[in-house]
Amino acid sequence: MVNVHPPIDLHGNPGFRKGARFNVLLTEDRPHSDQHWTSQLPRLLEPQGVVSHVVQTGQQAIDMAERMEIHAAVIDLATPIYAELGKRPQSHVCPGGIWLMELMRRLPNQPPIVMLRKPAFSQRQAVRTLTDALRLGAFSVMNKPVDVEQLLGVFRRLLDKK
């Protein structure tokens, strides 16, 4: 993968090139209103030099990652793999979000991933989701509905580490 856009310096850290873009991939399971986090977060991060790329399928996310370097990702576990159910191969029995996280971990730069999940119906389901998150190296796990203030806090920590 070609390094199209190196990360930027948001906190005065050496090694970052000023004026460059920090690309963030955001996945969602369907289009939402202007009040949804996928509309609010890009507007809040843009003045900091963060460019958000919103996609609605795992395949769109992978296509995006092939075209540009992704520096961080927020992946909704409900994200479908493909837009049309008829195109989904029978071999993909895992949710689209898990499938996408597994592929994102194979990228050369291994961007940090924030995993979004719906609240668990049972303790067993909560443990399974956290186990998957740890196995895939998630930077953070958040429940939906997403609190934009909390997500901004996660991004502050993420950018401090970058």
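Leaving out neighbours within four places in sequence, T27 is in contact with W37, V55, A61, V74, I75, D76, T79 and L100. The model behind this report is predicted.

**T27 and its polar contacts**

T27 sits in strand β1, which covers residues 22-27. Is T27 buried or exposed? T27 counts as buried because its relative accessibility is 0%, and the cut-off for buried is under 20%. Two polar contacts of its side chain are listed here.

| From | To | Distance |
|---|---|---|
| T27 side chain | D76 backbone nitrogen | 2.8 Å |
| T27 side chain | T79 side chain | 2.9 Å |

D76 and T79 both appear among the contacts of T27 as well.

**The nonpolar cores**

In soluble globular proteins, nonpolar side chains tend to be buried together. Here, the largest nonpolar core has 23 residues. Which residues have the most contacts inside this core? They are L25, I70, I75, L100, M101 and M104. Two of these names, I75 and L100, are also contacts of T27.

Four elements give two or more residues to this core: α2 (58-67), β3 (72-76), α3 (96-104) and β4 (113-117). Of these, α3 gives the most, with five residues.

Now take M101. With neighbours within four places in sequence set aside, M101 is in contact with I75, L77, I113, M115, L136 and A138. Apart from the largest core lies another core, of 20 residues. Among its members are W37, V50, V114 and L159. W37 is also on the contact list of T27.

Terms used: Residues are numbered from 1 along each chain as its sequence is written. This is a predicted model: local features need pLDDT of at least 70, side-chain atom pairs count only at pLDDT 80 or more; totals for chains, interfaces and linings use all residues. Side-chain values use heavy atoms; hydrogens and water are left out. A nonpolar core is a set of buried Ala, Val, Leu, Ile, Met, Phe, Trp, Tyr and Cys residues joined through side-chain atoms within 4.5 Å. Buried means under 20% relative accessible area, exposed over 50%, partly exposed in between (1.4 Å probe, protein chains only). Contact means heavy atoms within 4.5 Å. A polar contact is a pair of N or O atoms within 3.5 Å; within protein, one must be able to donate a hydrogen and the other to accept it, and residues adjacent in sequence count only if both atoms are side-chain atoms.
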